[in-house]
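Please look through the sequence and the structure that follow, and then read on for a guided walk through some of the spaces and helix contacts found there.

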Amino acid sequence: MYNPKSTNANEFIDNEEILKTLEYAKEHKNDRELIEKILKKAENVKGIDHREASVLLECEEDDLNEKIYDLAKKIKLQLYGNRIVMFAPLYLSNYCVNGCTYCPYHHGNKEIHRKKLTQEEIRQEVIALENLGHKRLAIESGEDPINNPLEYILESIKTIYATKTKNGEIRRVNVNIAATTVENYAKLKEAGIGTYILFQETYNKEAYKRLHPTGPKSNYEYHTEAMDRAMDGGIDDVGIGVLFGLSTYKYEFAGLLMHAEHLEASKGVGPHTISVPRVRPAEGINIAEFTNGIKDELFEKIIACLRIAVPYTGIIMSTRESAKTRKRALEVGVSQISGGSRTSVGGYAEEETEDENSAQFEVVDRRSLDEVINWLLKLGYIPSFCTACYRKGRTGDRFMQLVKHGKISHCCTPNALLTLKEYVLDYASEDTKEKGENLISKEVEKLPKEIQGKTIEYLDEINKGKRDFRF
Ligand code: SF4
Ligand code: SF4
């Protein structure tokens, strides 16, 4: 029985409710009156439910689809302005006891080079990332209680925060590790993590069982209920996601939204972020096995519908996607991207040779961080290295209230400009620097008077060599 407040995965991701939703959406796919009504409701920027969003996703009428895209762009602009938050993944270890058939880190893969970073190697990676200009990391690790126990992750977080170069420091560490216990989540919270990220991979239990034949991750319920335990352990910000291409996208889309509704209903706070990776080729993975891949156009539609359904949630896109796809995705909903990523263990400090391959997936957008920043500036976006909320204690419900009341932009834009200024002075190439300075001057002019003066003051201080100002 569908119950968004239930603590049981099979009730808040109720298979029957998803099937009924898909049926309902199919039945109403070109129901003009209903679609117009849903869009009208969505204009309030309070979100829509999984059934309504599924109807939008199914719609095939060109003019209505145009309206869907227009609304997604409008919501994106209203809540996020032209800011794009930057981050980088940092792979700590690819040892893993699980058997996920789509991931090259699965324990049966003998072709992949297994690697686990020592604390000194982590320091080197962090220095390399700081020298590029990164301030926000997402650490990634396989599940292996012997090679990568929680103590290793906790020690690594400590090392990352403690590693500082001249003006470089990592100010927020998000963590993407396997589902664990409330006690362990409490320890992660104590270590000062930002968001706890865990992808569901697929909400379809049957497909889940097939794709996760062995290892602790094969327990669908334990995995699906992880965010509840994370929040019980005191973690305020959680990030969900599916791996599009594993099962049918309509099912995943409804499941994602039901998960968001569940967190909101039972914990009072929806997901902080939603990630939208698609299956990519990798060493030791037979990509032909995954026949549910989605085309670019459909992928954009999913992002637009997510933006409309959960306006307050950040949408993350990685370098799995090409510059072209990322450009369109940024317009219709994505608010956070990675740049200059390495998906191998130890790939920032040292380039890997071919026979050393330890990467989780093939990177498509291979541009350097500076090239990505330059590109964003050219497109009129403000690349932001802001990490202010977490450091000011604006997490969980406090953060959501600000976003929902449209107040967060008073912090985000000046913070984006301040952190871009730091990037421009410390790390940018000449051309990026010029573009960045121009954009900062233009954007400062547009700031509301009550924050403009302080922003100019902080920018002057940054020019004089001081760092780390925030609203
Ligand atoms: Fe391990 Fe995660 Fe890869 Fe599964 S997806 S094999 S749990 S690293
Ligand atoms: Fe994110 Fe908060 Fe910074 Fe805005 S002010 S970009 S919400 S960390």
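In this predicted model, a good place to begin is the lining of the largest cavity, which by class is made up of twelve nonpolar, eight polar and five charged residues. The space enclosed there comes to about 430 Å³, and the residues of its lining number 25, with Tyr 80, Val 85, Arg 136, Phe 399 and Cys 412 lying nearest the centre. Two or more residues of this lining come from each of α5, β1, α16 (388-391), α17 (396-404) and α18 (409-426), and of these elements α18 gives the largest share, with three residues. This cavity belongs to a set of five cavities of 30 Å³ or more.

From the cavities one can turn to the pockets, which are open rather than closed off. The largest pocket has a volume of about 850 Å³, and its lining consists of 50 residues, among which Glu 140, Asn 176, Phe 199, Glu 201 and Gln 360 are nearest to the centre of the pocket. At least two residues of the lining are supplied by each of β1 (83-93), β2 (136-141), β3 (172-176), α10 (220-224), β7 (314-317) and β8 (336-338), and β1 contributes the most, with four residues. When the lining of the largest pocket is sorted by class, 26 residues are nonpolar, 18 are polar and six are charged.

The helices offer another way into the structure. Two packed helices are described by the angle between their axes and the distance between the axes. Helix α5, which covers residues 62-80, and helix α13, which covers residues 296-309, have axes that come within 9 Å and cross at roughly 55°, and because of that angle α5 counts as oblique to α13. The crossing of these two helices is left-handed. On the side of α5, the contact is formed by Asn 65, Ile 68, Tyr 69, Leu 71, Ala 72, Ile 75, Lys 76 and Tyr 80, while α13 brings Glu 297, Glu 300, Lys 301, Ala 304, Cys 305, Arg 307 and Ile 308. Taken by class, the residues of this contact are nine nonpolar, one polar and five charged. Tyr 80, named here in the contact with α13, is also one of the residues that lie nearest the centre of the largest cavity.

A second pair is found in helix α3 (residues 32-42) and helix α4 (residues 50-58), which pack at an angle of about 120° with their axes 10 Å apart, so that α3 is oblique to α4. Here α3 passes α4 in a left-handed crossing, and the residues that meet are Leu 34, Ile 35, Ile 38, Leu 39 and Lys 41 in α3 and Glu 52, Val 55 and Leu 56 in α4. The contact of α3 with α4 holds six nonpolar residues, no polar ones and two charged ones.

The last pair is made of helix α2 (residues 15-27) and helix α12 (residues 249-267), whose axes lie 10 Å apart and which pack at an angle of about 120°; α2 is therefore oblique to α12. The crossing of α2 and α12 is right-handed, and in it Asn 15, Glu 17, Ile 18, Leu 19, Thr 21 and Leu 22 of α2 meet Lys 250, Tyr 251, Ala 254, Gly 255 and Met 258 of α12. By class, six residues of the contact of α2 with α12 are nonpolar, three are polar and two are charged.

Methods. Residues are numbered from 1 along each chain as its sequence is written. Chains are lettered from A and ligands numbered from 1 in the order in which they are written. This is a predicted model: local features need pLDDT of at least 70, side-chain atom pairs count only at pLDDT 80 or more; totals for chains, interfaces and linings use all residues. Side-chain values use heavy atoms; hydrogens and water are left out. Axes are lines fitted to C-alpha atoms, for helices over the stretch in contact, and angles run from 0 to 180 degrees between N-to-C directions. Angles under 35 degrees count as roughly parallel, over 145 as roughly antiparallel, 65 to 115 as roughly perpendicular and the rest as oblique. A crossing is left-handed if the near helix is turned anticlockwise from the far one by less than a right angle, and right-handed if clockwise. Contact means heavy atoms within 4.5 Å. Ala, Val, Leu, Ile, Met, Phe, Trp, Tyr, Cys and Pro count as nonpolar, Asp, Glu, Lys and Arg as charged, and the others, Gly among them, as polar. On a 1 Å grid over the protein atoms alone, a cavity is a set of points where a 1.4 Å probe fits but cannot get out, and a pocket is an open set with protein on both sides within 12 Å along at least five of seven lines; lining residues have an atom within 4 Å of a point. Grid points are joined across faces, edges and corners, and a volume is the space filled by probe spheres set on the points.
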